[in-house]
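Colleague: I have a model open and want to learn how to read its pockets and its surface. Where do we start?

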Amino acid sequence: MSDERQLCGLVHGLAKQIESHLRVRAATLGLTTSQGAALRELSAPLTLRELADRMACEPSNATFVADRLEEQGYLERHPHPANRRSKQLVLTPAGAELRERLLALLAEDSPLAPLAAEEQQTLQRLLTRAVAR
């Protein structure tokens, strides 16, 4: 097997482990995997398109997830400060608290936990270079 193919397989395997970890942790909070991913990514106000990009999904899927989170009282749509035709997704206080609980759960027994902090930083730098092409 070529080194590149093997590396791609390892990255794919790690991505699957991270998604499985998210699914289990989100479920403990009564969230779907997609809702957990959205909360994880909402570190600051985002447009629906930005959220969809971060979740690696279609904007229509991000809209569905945002609608559910809004119905549950975890986020609100606010006017975008620089583009009056656009809205930003903003976590409510309850949403921010839920996000913190989710992040704490995700930190427990993370698939990246076997790596030392320095190794995680190195992996982050390498993956950032690889996806920035």
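**Pockets and a patch**

Modeller: Start with the helix that gives the most to the lining of the largest pocket: α1, with 8 residues. Keep in mind that this is a predicted model.

Colleague: How is a pocket found in general?

Modeller: Rolling a probe the size of a water molecule over the atoms shows where empty space is left. Here, the largest pocket has a volume of about 860 Å³. It is lined by 22 residues, and Leu14, Ala15, Ile18, Glu19 and Arg40 are the closest to its centre.

Colleague: Which helices each supply at least two residues of that lining?

Modeller: α1, α2 (33-41), α3 (48-55) and α6 do. By character, the lining of the largest pocket divides into 14 nonpolar, 4 polar and 4 charged residues.

Colleague: What lines the second largest pocket?

Modeller: Its volume is about 200 Å³. The lining residues include Ile18, His21, Leu22 and Arg40, along with Leu103, Leu106 and Ala107. Helices α1 and α5 (93-107) each supply at least two residues of this lining. The split is 7 nonpolar, 2 polar and 1 charged.

Colleague: Now the outside. Which residues make the nonpolar surface patch?

Modeller: Leu7, Leu10, Val11 and Leu127 make it, over about 370 Å². Helix α1 (residues 3-28) gives the most, with 3 residues. Leu127 lies in helix α6 (residues 117-131).

Colleague: Is leucine 127 buried, exposed or partly exposed, and why?

Modeller: Leucine 127 counts as partly exposed because its relative accessibility is 36%. Buried means under 20%, and exposed means over 50%.

Methods. Residues numbered from 1 in each chain as written. Predicted model: local features only at pLDDT ≥ 70, side-chain atom pairs only at ≥ 80, totals over all residues. Heavy atoms only, no water. Patch = residues over 30% accessible without salt bridge, like charges linked within 9 Å, V, L, I, M, F, W, Y side chains within 5 Å. Areas by Shrake-Rupley, 256 points an atom, 1.4 Å probe, with all protein chains shown as cover. Salt bridge = Lys/Arg side-chain N within 4 Å of Asp/Glu carboxyl O. Helix = DSSP H or I, 4+ residues; strand = E, 2+ residues; numbered from the N terminus. Buried < 20%, exposed > 50% of the residue type's maximum accessible area, 1.4 Å probe, protein only. 1 Å grid on protein atoms, 1.4 Å probe; cavity = no way out; pocket = protein on both sides within 12 Å on 5 of 7 lines; lining within 4 Å. Points joined across faces, edges and corners; volume = space filled by probe spheres on them. Nonpolar A, V, L, I, M, F, W, Y, C, P; charged D, E, K, R; others polar.
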